[in-house]
Amino acid sequence: MDTDLGEAVKNVTDELSDLYIPTEVETVEKPLSPSQLLSFYRRFVQKNIPVKITGCTDDWPAGTKWTDEYLSSKLENTMVTVAITPNGLADAICDGVFTLPFERSIKFKEFVAELNNPRDDRVLYLQQQNNSFNTEFSKLMDDIDP
């Protein structure tokens, strides 16, 4: 990219950041009352502004139950989708190229075993989206309050 064009893109990006992206993420305490929902939607959701919502899971049994041992006993042979990368970077620019992780299904107990004894040549992590809690982790549904 030509230097003048690169500088122009950087300037526009900086200016847009100043206009649209807050420098600090605001915190909102849950639960929101019904009268606060419209204001919350207009202030954060509609404008695509990040917000940290605290207190959402304070009463969930998962907060005290989810240990390696508990999760392994509940999900032991459940197949889960893991993302695998050589360095933990995925959905990112690596060596000038946008890369996605390699994904594969393994038993949950194998995932936990590798988390506890990591290999030097790869990083495994759970990142599956699109309703994976209901499809891959449904045995944990009683531990949350959806």
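At 40% relative accessibility, Arg119 falls into the partly exposed class. Its partner in a salt bridge is Asp121, and the closest N and O atoms of the two are 2.8 Å apart. Asp121 is also partly exposed, at 46% relative accessibility. These values, like everything that follows, come from a predicted model.

The Arg119 pair belongs to a bigger tally: a search of the whole structure turns up four salt bridges. Another one brings together the side chains of Arg43 and Glu26, with a distance of 2.2 Å from N to O. Arg43 sits in helix H2 (residues 34-45) and Glu26 in strand S1 (residues 26-29), so this bridge ties together parts that are 17 residues apart in sequence. How open to the outside are the two ends of this bridge, in terms of relative accessible area? Arg43 has a relative accessible area of 41%, which makes it partly exposed. Glu26 is partly exposed too, with 35%.

A further salt bridge joins Asp143 to Lys65, and here the closest N and O atoms are 3.0 Å apart. This pair links distant parts of the chain, since Asp143 is in the segment after H6 and Lys65 is in helix H3, 78 residues apart. Is Asp143 buried or exposed? With a relative accessible area of just 1%, Asp143 is buried, because the cut-off for that label is under 20%. Lys65, on the other side of the bridge, is partly exposed at 33%. Which residues does Asp143 touch, once those up to four places away in sequence are set aside? The list runs to Trp60, Pro61, Ala62, Lys65, Trp66 and Tyr70. Lys65, the salt-bridge partner, is thus one of the residues that Asp143 touches.

Tyr70, another name on that contact list, leads on to helix H4. The buried residues of H4 are Tyr70, Leu71, Ser72 and Leu75. What do these buried residues pack against? They pack against helix H3 (62-65), H5 and helix H6 (132-136).

The packing of H4 on H5 can be described in some detail. Helix H4 (residues 68-75) and helix H5 (residues 108-116) pack at an angle of about 155°, and their axes are 8 Å apart. That makes H4 roughly antiparallel to H5, because angles over 145 degrees get this label. On the H4 side, the residues that take part are Asp68, Leu71, Ser72 and Leu75, and they meet Phe108, Val112 and Asn116 of H5. Sorted by type, the residues of this contact come out as four nonpolar, two polar and one charged. Leu71, Ser72 and Leu75 turn up both in this contact and among the buried residues of H4.

Next come the aromatic rings. The count comes to four aromatic pairs. In one of them, the rings of Phe133 and Phe137 have their centres 6.4 Å apart and their planes at 25°, so the pair is stacked. Why does that angle earn the label? Planes under 30 degrees apart count as stacked, and 25° falls under that limit, so the label fits. Phe133 is partly exposed, with 24% relative accessibility, whereas Phe137 is buried, with 11%. Ring pairs also link Trp66, Phe133 and Phe137 into a cluster. Trp66 has come up already, as one of the residues that Asp143 touches.

Two loop residues round off the picture. Asn48 has its place in the loop between H2 and strand S2 (51-54). Its phi is near 60°, a positive value in a residue other than glycine. Asn48 is exposed, with a relative accessible area of 68%. Asp95 is found in another loop, between strand S4 (92-94) and strand S5 (97-99). At 82% relative accessibility, Asp95 counts as exposed, because the cut-off for that class is over 50%. How many residues apart in sequence are Asp95 and Phe133? They are 38 residues apart in sequence, and in space they are 33 Å apart, C-alpha to C-alpha.

Key
Residues numbered from 1 in each chain as written. Predicted model: local features only at pLDDT ≥ 70, side-chain atom pairs only at ≥ 80, totals over all residues. Heavy atoms only, no water. Axes fitted to C-alpha atoms, helices over the stretch in contact; angles between N-to-C directions. Helix = DSSP H or I, 4+ residues; strand = E, 2+ residues; numbered from the N terminus. Parallel < 35°, antiparallel > 145°, perpendicular 65-115°, else oblique. Contact = heavy atoms within 4.5 Å. Nonpolar A, V, L, I, M, F, W, Y, C, P; charged D, E, K, R; others polar. Phe/Tyr/Trp six-rings, centres within 6.5 Å; stacked < 30°, edge-to-face > 60°. Buried < 20%, exposed > 50% of the residue type's maximum accessible area, 1.4 Å probe, protein only.
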